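User: I would like a close look at one part of this structure, taken slowly. Please explain what the backbone and the packing look like there, and then set that part against the rest of the chain.

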Amino acid sequence: MKIGNLRIGSRLYLGFGLVMLLTVAMGVTAILGMLKLANLTSKMYHYPLTVSNAVRDVKTNINAMHRSMKDVALAGDTEEVKKTARIVDDYEKAVFKSFDTVFERFLGNQRDVKNAHQAFSDWKIIRDEVIQLSLRGEKDRAAGITKGKAARHVDFMHNKIQVMTELASNQADAFFSDAKSTRTRVIRNMVIILAIILIAGLVIAFFITRSITLPVYEIIDIVKNIANGRLDQKIVIRRNDEIAELSESVNQMVDNFAGFARQADVIATGDYSINIALRSEKDVLGIAMQKMTESLRTAVEKNKREDWLKTGMNLLNEKMRGELSETELAENVITFLADRLDAQVGALYVAEEENGGLRFLRGYAFKKPADFEKRIETGEGLIGQAACEKKLISVKNLPANYMRIGSSMGDALPRHAVVAPFIFDDRLIGVIELGAFREFSEAEMELLRLSMEGIAISFNFVRTNAKLKQLLNETLRQGVELEAQSEKLRQSNEDLQTQTKLLKKQKREIERNAGEIAQKAKELELSGKYKSEFLANMSHEIRNPLNSMLILSQGLSKNRDGNLTENQVESVQTIYKGGKELLELINDLLDLSRVEAGRVHVDLKKVKTKAIADGITGGFKSMAEDKGLEWAVAIAKDTPDLIFTDKHRVEQILRNFISNAVKFTEKGRITLNFKKAPGDSDLARSGLKPENTIMISVTDTGIGIPPEKQKIIFNAFQQGDGSISRKYGGTGLGLSISSELAALLGGEIQLSSREATDERPGGSTFTVCLSVKALDRAPLERVKSGLPPHKQNKNRKLYDMESQLKDKKILLVEDDMKSAFALSQALREIGIITEIADDGLTALELLEKQADFELVLMDIMMPVMDGYETMRRIRKQARFEKLPIIALTARAIPEDHTECIEAGANDYITKPVDINRLILKMQNWLYM
């Protein structure tokens, strides 16, 4: 048989078989040689080498025993002799153990081993004699035996042992010589076999490769032509192996490609009805052609369906445009849907906001049955059930008593009915019912689903416009009511002035009568509490309606839609102006501090540091000493002699510090310190530089301030002990005023305090940090905002606020619907997407469902759950940790502002809300 007629696998098996046979021969030869080398090596180790080591140990231990016997003869006392004798015994045991190994492994005459062993045993008698003489004190005789008879016996033993050593060495040389010759023979045989394998492998590889590659190259040339698009070639190879089969497969592939090309030409003409015949179950190209044809057929049908849907939606939107009433809108919608979906009957119901039912508004070819009711309860019938579930209901097998399709010639039962609710912001607006003699197609059902959102938006817009007109009339009516409330407010102001005069009179009486101080202080504190509660409640009651009026009138005054006359715009502006004046009157009444009102000015001059110290000392030294306290003034050497400041305001701050120190210190001392600020001082709040800063401190040994109170005592009306039964009096305004004055002077106040306990004393240090030089900014102002400095600076970079807030989504939480409507309307006019929640629980539910809110406006006083609790629950969720929250409060008491921030608000704004100021705050927090 020729090699060309063998199959490729047979050729490869034949070649690799020969190579493997030679390889196995080489391996067997190598294994046999290695086994022989391993056997020789093992014998060499177990016999000559082991015996040599054991004999060496015998000789070594005998020499050690001989030296030890000399030590026995020279020992000084009996105890040392016994100790040395024990050492000799240990060596003796080691020698006998080595002799055991020699007996077991020695390949020579065992008589040589026995002679050496017997000679060693005979030495025992001589050793015992030496030991006994040493014990009796006959050291000279013992030494003589050791040097004489004992030494000769040791030489005799060495001669006997030397015989075993020489025989073991000769045996080791014989084993090594045999191993060396075996290794040489194995290496020679392996080299010869390896050369034979290499030559045979090359010859076999050449002939097998040549018989395969030559016809393959011929096939490759033809396949390249096929790959370039030539399908008119065939391969002709006359062989009986796999290459011949490959040639036939390539020829078959060419025929298949030609067939696919003809089918593709048919598909290119737009005929997608062609069926692609598969050559096999795994015909990948045929399957792909089938899928392509099916995809093209589906895509054409889908495009037609989408064009029909888009056209229908556009036509429906055209029907819903313009100034339409609710009835006109319903007529247009039900007529269009019935015509577009080829429905023979239809009805449209709208939801009633008052009682939750559904009211019939318009029908299409609708023949009212005898028992027809214009109003349907939620959950009643298919329409009521669709409204309850807020989802589309499709019914195909209709009962005999269902709504019938009638004409002058008769009536009949529809075959298919569809009931679809339209919903806005998860709120039901209405329900549409359609019936037809045939089943609605999927495209028609899809059009019905898609149209529901637009229909809901249109109906909600119509209803909102109607409410807006109603609210405008309500706003005008509230303006009249506000005028009456203004008169009441004026009367309340006069009553407050009367109360203030009474308080001043009581204060003068307290100063004249020291014995009644405690009682009068309690009365003043109780009166102040009533006043604060009165002011807070009055603020809430007045600001809520005022908030709605100002927001709505401000929005209407802009006349964005251009549908108000000039006189109407002027009237709205008059309402807004009157509301602003009323707001200013309320603010004047509720501002309890001139500093917070911004009416305090500073007079900056060069002032001597010593003059400030002397002015303060003259007023408080005697007061401290009268209470039994030590008074001290310390001015450091590096303190500047002159500073540029307002002496009166600095003394006002220090007087407040010292007054508190005297009040809260029962024993000890009060110290007034002047020094230059250290280089590592933290002055970040004021921005001062340590090298240009003086620090004036008041240190006491009083009761101290708890850590949790240290952050809030600078707020108005806040004290370390704010309870009704507190020990120390005061309004809580002093530190707030001092903080404001320090800011006006361009500085800051720092506090360090430790609360007193039974184990250790307490004390506080209040420090005012002021600039030594004149500041570059004049006049000095304090930016009134709850924002951090880096956010206040950003205000200067922001512009076109309304455009930047467009499409931002916020959540407005407000229980007063007039305020909610007014505020949401104003925000939506500038493009802000606004969701409304009327209490805290609803707000939490909306945040859980919709996580894309970017900001929350939170009213404080609400039913169910107030704003404080709502903000605390929002902040407990990690995903809302950075969600900006702006509190809306109608109370103008400073404590409420502090409580808002502590509850989780980032900022707050009081009612009535100034839209421009609110937009500025929202922008700051959204673009921080």
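Analyst: Helices and strands are here DSSP runs, of at least four residues (H or I) for a helix and at least two (E) for a strand, and both are numbered from the N terminus. The model is predicted, and in these terms Val-864 is found in the loop between strand 18 (855-859) and helix 19 (867-875).

What draws attention to Val-864 is its backbone, since its phi is near 65°, a positive value in a residue other than glycine. For context, most residues other than glycine have a negative phi. The relative accessibility of Val-864 is 65%, and because the threshold for exposed is over 50%, Val-864 counts as exposed.

The loop leads on to helix 19, which packs with helix 18 (residues 840-849) at an angle of about 25°, their axes being 9 Å apart. Since angles under 35 degrees count as roughly parallel, helix 18 and helix 19 are therefore roughly parallel to each other, and their crossing is right-handed. On the helix 18 side the contact is made by Gly-840, Leu-841, Ala-843, Leu-844 and Leu-847, while helix 19 contributes Thr-870, Arg-873 and Ile-874. Sorted by class, the residues of this contact are five nonpolar, two polar and one charged.

Another helix pair can be set beside this one. The axes of helix 12 (residues 609-626) and helix 13 (residues 647-663) come within 10 Å and cross at roughly 30°, which makes helix 12 roughly parallel to helix 13; this crossing, too, is right-handed. From helix 12 the contact includes Ala-611, Ile-612, Gly-615 and Phe-620, and from helix 13 it includes Val-650, Leu-654, Arg-655 and Ile-658. The contact of helix 12 with helix 13 divides into nine nonpolar, two polar and three charged residues.

Two other loop residues help to place Val-864. Asp-342, found in the loop between helix 7 (326-340) and strand 1 (345-351), also has a positive phi for a residue other than glycine, in this case near 55°, but Asp-342 is partly exposed, with a relative accessible area of 42%. Leu-745, in the loop between helix 14 (734-744) and strand 14 (748-754), is by contrast buried at 5% relative accessibility. The C-alpha atom of Leu-745 is separated by 8.3 Å from that of Arg-649, although the two residues are 96 apart along the chain.

Elsewhere, the structure holds six aromatic pairs, one of which joins Phe-99 and Phe-120 in a tilted arrangement, 6.2 Å centre to centre with 45° between the planes. Phe-99 lies in helix 2 (residues 78-105) and Phe-120 in helix 3 (residues 110-136), so this pair ties together parts that are 21 residues apart in sequence. Both Phe-99 and Phe-120 are buried, and ring pairs link them with Phe-96 and Trp-123 into a cluster.

As for the protein overall, its secondary structure comes to 21 helices and 20 strands, and 40% of its 928 residues count as buried. Among contacts with a separation of 6 or more, 69% are between residues 24 or more positions apart. Against that background, Val-864 is an exposed loop residue with a positive phi, in the loop that precedes helix 19.

Technical notes. Residues numbered from 1 in each chain as written. Predicted model: local features only at pLDDT ≥ 70, side-chain atom pairs only at ≥ 80, totals over all residues. Heavy atoms only, no water. Axes fitted to C-alpha atoms, helices over the stretch in contact; angles between N-to-C directions. Parallel < 35°, antiparallel > 145°, perpendicular 65-115°, else oblique. Left-handed = near helix turned anticlockwise from the far one by under 90°. Contact = heavy atoms within 4.5 Å. Nonpolar A, V, L, I, M, F, W, Y, C, P; charged D, E, K, R; others polar. Phe/Tyr/Trp six-rings, centres within 6.5 Å; stacked < 30°, edge-to-face > 60°. Buried < 20%, exposed > 50% of the residue type's maximum accessible area, 1.4 Å probe, protein only.
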